[in-house]
Amino acid sequence: MVTHAQAWDSTRERRISYLARPKVNHQIICNRISVYWTDKLPSKTHRFTVPALTPRQAELSRSKKIYQGSEENRSFPIWPVSAASKHAVASPRVKELAQPKLINSAWEADRPVYTRVSKGARTAAARERTTHLAKPKKRDFSAKLDAPSAPPRSVTQFTRTEYLARPKTEHPSYLHDKPVRWAVSAGTRNAVLSARLSELARPKVRKQIFEGYNPYRISSAALHAEASARLRELSIPQRVRKKRL
């Protein structure tokens with residue numbers, strides 16, 4: 001009697017054997033050549049590629065069969081209408097959906113290429129001021145070229161455009177970069193150094209390592225220092241601190 005475990009082992013072995021098989025090469029290639037003949041086939045038929053289709057590929061390559069009795073495949077534009085369709089009554093929902101979509105009240109049609117001039121604009125009469133502004137300006141450039149140069153004008157005589165066109169000048173309080181060489185004042189030359197400045201000007205004396213200097217020496221204040229509660233909290237590793245929170 002075959003147990004359940006033995007049946008499972010047999011099924012597993014068949015599945016592994018099926019998956020272990022190599023893939024089937026559906027394209028039979030025998031001595032593929034680099035040039036394919038266009039006018040005639042070569043004398044040896046085994047020298048060119050012979051494709052081989054699988055049953056599934058052959059099934060997919062066949063065209064679909066059209067069912068002649070289906071209503072969707074009508075061969076003529078006129079077909080008989082059933083009695084139920086002739087006496088059908090549309091529901092309120094169907095009537096609501098059959099209504100055409102209304103145009104939004106804010107919609108405006110495209111403006112035509114040629115603007116239509118209204119009747120009032122065609123019969124309008126221009127005022128005296130409008131006629132005066134419509135006349136082109138008359139400028140005589142020859143008189144300006146022949147005229148002698150005028151004396152320089154003051155700032156008040158300049159027009160606004162000419163005033164803005166002038167280059168900007170430096171501010172009276174603007175200070176230029178200090179030159180590399182400058183004169184030293186008499187007070188600086190005769191200055192007397194105070195005792196405090198002399199003390200601060202002296203360099204810090206420190207022995208070298210080979211002269212007995214110990215860079216790892218800890219001061220007495222650091223030895224007797226006590227850490228605050230905040231420092232102890234920050235000194236805890238981050239993971240331990242997260243677990244506590």
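**A tour of charged pairs and a nonpolar patch**

Start by selecting Glu199 and Arg196: these two side chains form a salt bridge, with their closest N and O atoms 3.4 Å apart. Keep in mind that you're looking at a predicted model. Both residues belong to helix α10, where they are three residues apart, or about one turn of the helix. Glu199 counts as partly exposed because its relative accessibility is 43%. Side chains of opposite charge can pair when their charged atoms come close.

Stay in helix α10, which covers residues 195-201, and click on Leu200. With 54% relative accessibility, Leu200 counts as exposed, since the cut-off for that word is over 50%. Now add Leu193 and Leu197 to your selection: together with Leu200, they make a nonpolar surface patch of about 310 Å².

How many salt bridges does the structure hold? There are four, so let's visit another two of them.

Jump to Arg56 and Glu59, whose side chains meet in a salt bridge at 3.5 Å, N to O. They sit three residues apart in helix α2 (residues 55-61), so about one helical turn separates them. Glu59 is partly exposed, at 42% relative accessible area.

Next, pick Glu233 and Arg230, a salt bridge with its closest N and O atoms 3.3 Å apart. This pair is in helix α12 (residues 229-235), again three residues apart and about one helical turn. Glu233 is partly exposed, at 38% relative accessibility.

Last stop: Lys178 and Trp182. The charged end of Lys178 sits over the ring of Trp182, 4.0 Å from the ring's centre. Don't go hunting for aromatic pairs, though: a search of the whole structure finds zero.

Key:
Residues numbered from 1 in each chain as written. Predicted model: local features only at pLDDT ≥ 70, side-chain atom pairs only at ≥ 80, totals over all residues. Heavy atoms only, no water. Patch = residues over 30% accessible without salt bridge, like charges linked within 9 Å, V, L, I, M, F, W, Y side chains within 5 Å. Areas by Shrake-Rupley, 256 points an atom, 1.4 Å probe, with all protein chains shown as cover. Helix = DSSP H or I, 4+ residues; strand = E, 2+ residues; numbered from the N terminus. Buried < 20%, exposed > 50% of the residue type's maximum accessible area, 1.4 Å probe, protein only. Phe/Tyr/Trp six-rings, centres within 6.5 Å; stacked < 30°, edge-to-face > 60°. Lys NZ or Arg CZ within 6 Å of the ring centre and 35° of its normal.
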